[in-house]
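Got the viewer open and a hand on the selection tool? Here's a walk through the model, one stop at a time.

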Amino acid sequence: MRPLVELEPENAKRLRGLIFDLDGTVLSDGRLTRDAFGALWNMADAGLRLIACTGRSAGWGEVVARQWPVDAAIAENGAIAYTRKGAGLQRIDRLCAEDRAARRTKLQAIVSQIRARFEDAVLADDNDARLTDTTFDIGETQRLPHARVQEIRRAAEALGARTCASSIHLHLTLDSDDKATGSMRTLRELFAEDEVSCRRHYAFVGDSSNDAACFAAFETTFGVANIRPFVPRLTIPPRFVTTAAAGEGFAELASALLDHRA
């Protein structure tokens, strides 16, 4: 990883937009700071397209898409997205509601078996707002050792679920999506961008293991400083890293991009 100060001006100038994670990237300890929210507005005012891309629930995605200065909010690690459409929302999903319901019933059977086997597999507090996955709390209100998280993951995968872990949640799903495929689908639906254009003209910033697909997919990638403990678990780390962590690092990145593009 290279320090953010080494970002080339021509690299920043060719960007059409920024895709960003929420927890640990824009949010600091779960809170949206004044500096981070201001950074979003500054980039939007400068004409950059902004796409939130989070492991958080579809319910979170609806709120972010309605109230933040973004073009879209991708939730549940790429499986579903929302964009404002007039006074309402447009949902971007590859499955119909009936298929979603059937898939969720199958997933809940797996989740029940995991909870029966692992007493410390505690559900995260946003599951009521989820449509495509179920999450366990591994670092938000309790902290599970990495070895224990891996044990739960192996058990879930043996039952047929896909898993991924962020800094706070362990996700179980039957969907094949990840943050990169979800981002590409959303950019194609909203802006008719092809895959090559997406990779070259959009950047991604994140902080954790569930951002790995985007770090590999996009040419220009950033990590906020708190990415460092997760780097050994990434096949491809972000190209650049900020000096500050979380929301402060996000604001640092926004300032750098806007300075180069001025």
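Start by selecting strand β13 together with strand β14 (residues 240-241): the two run parallel and are joined by two bridges. To see the register in this predicted model, pick G223, which stands opposite V241 in β14.

Now colour β13 by itself, residues 220-223. Are its faces covered or open? Both are covered: T220 and F222 are buried on one side, and T221 and G223 are buried on the other. That pattern fits a general habit of strands: in a regular strand, side chains alternate between the two faces of the sheet.

Next, add strand β12 (residues 202-206), which runs parallel to β13 and is joined to it by four bridges. Click A203 and look across to β13, where T220 stands opposite. Then follow the chain out of β12, through helix α8 (residues 212-217), and into β13. This β-α-β crossover is right-handed.

**Past the end of β14**

Move on to T242, in the loop between β14 and α9. Show its side chain: it reaches the backbone nitrogen of A225 at 3.2 Å. What else does T242 touch, leaving aside neighbours within four places in sequence? Its contacts are L4, G223, V224, A225, G249, E252 and L253. You'll recognise G223 from β13. T242 has a relative accessible area of 3%, so it counts as buried.

Now select A246, in helix α9 (residues 246-261). Check its backbone: phi is near 50°, a positive value in a residue other than glycine. That's worth a click because most residues other than glycine have a negative phi. A246 is buried, with a relative accessible area of 10%.

For another positive phi, jump to D29, which is not a glycine either and has a phi of about 50°. You'll find D29 in the loop between β3 (27-28) and β4 (31-32). Is D29 buried or exposed? With a relative accessible area of 83%, D29 is exposed.

**The three-stranded sheet**

Hide what you have and bring up β9, β11 and β10: in that order they form an open sheet of three strands with antiparallel pairing. Which are the edge strands? They are β9 and β10 (162-165), each of which pairs on one side only. Neighbouring strands here are turned by 20° against each other on average, direction ignored.

Zoom in on β9 and strand β11 (residues 169-173), which pair in the antiparallel sense over five bridges. T135 is a handy marker, standing opposite H171 in β11.

Now switch on the helices. Helix α4 (residues 97-117) lies across β9 and β11, running at about 25° to β9. Helix α5 (residues 146-158) also packs on the sheet, touching β10 and β11. The direction of α5 makes about 160° with that of β10.

Stay with β9 (residues 133-137) and select T134. T134 is buried, with a relative accessible area of 2%. Leaving aside neighbours within four places in sequence, its contacts include R104, L107, Q108 and V111, as well as L170, H171 and L172. Turn on side chains and look for the polar contact between those of T134 and Q108, at 2.9 Å. If you like using the distance tool, T134 and T33 are 28 Å apart, C-alpha to C-alpha, and 101 residues apart in sequence.

Before leaving helix α4, click A109. At 41% relative accessibility, A109 counts as partly exposed. From there you can draw a line back to D29: the two C-alpha atoms are separated by 32 Å, with these positions 80 residues apart along the chain.

**Last stop: helix α3**

Select helix α3 (residues 58-67) and highlight its buried residues, A58, G61, V64 and A65. Why do they end up on the same side of α3? Because they cover an arc of only 115° around the axis. Helix geometry helps here: an α-helix has 3.6 residues a turn, so residues three or four places apart point the same way.

To see what this side faces, add β5 (49-53), β6 (72-75), β7 (80-85) and β8 (88-92). The buried residues of α3 pack against these strands.

Terms used
Residues are numbered from 1 along each chain as its sequence is written. This is a predicted model: local features need pLDDT of at least 70, side-chain atom pairs count only at pLDDT 80 or more; totals for chains, interfaces and linings use all residues. Side-chain values use heavy atoms; hydrogens and water are left out. Buried means under 20% relative accessible area, exposed over 50%, partly exposed in between (1.4 Å probe, protein chains only). The arc is that of the directions from the helix axis to the C-beta atoms. Contact means heavy atoms within 4.5 Å. Two strands pair if DSSP finds at least two bridges between them. A crossover is right-handed if, with the strands pointing away from the viewer, the path from the first strand over the helix to the second runs clockwise. A polar contact is a pair of N or O atoms within 3.5 Å; within protein, one must be able to donate a hydrogen and the other to accept it, and residues adjacent in sequence count only if both atoms are side-chain atoms. Axes are lines fitted to C-alpha atoms, for helices over the stretch in contact, and angles run from 0 to 180 degrees between N-to-C directions.
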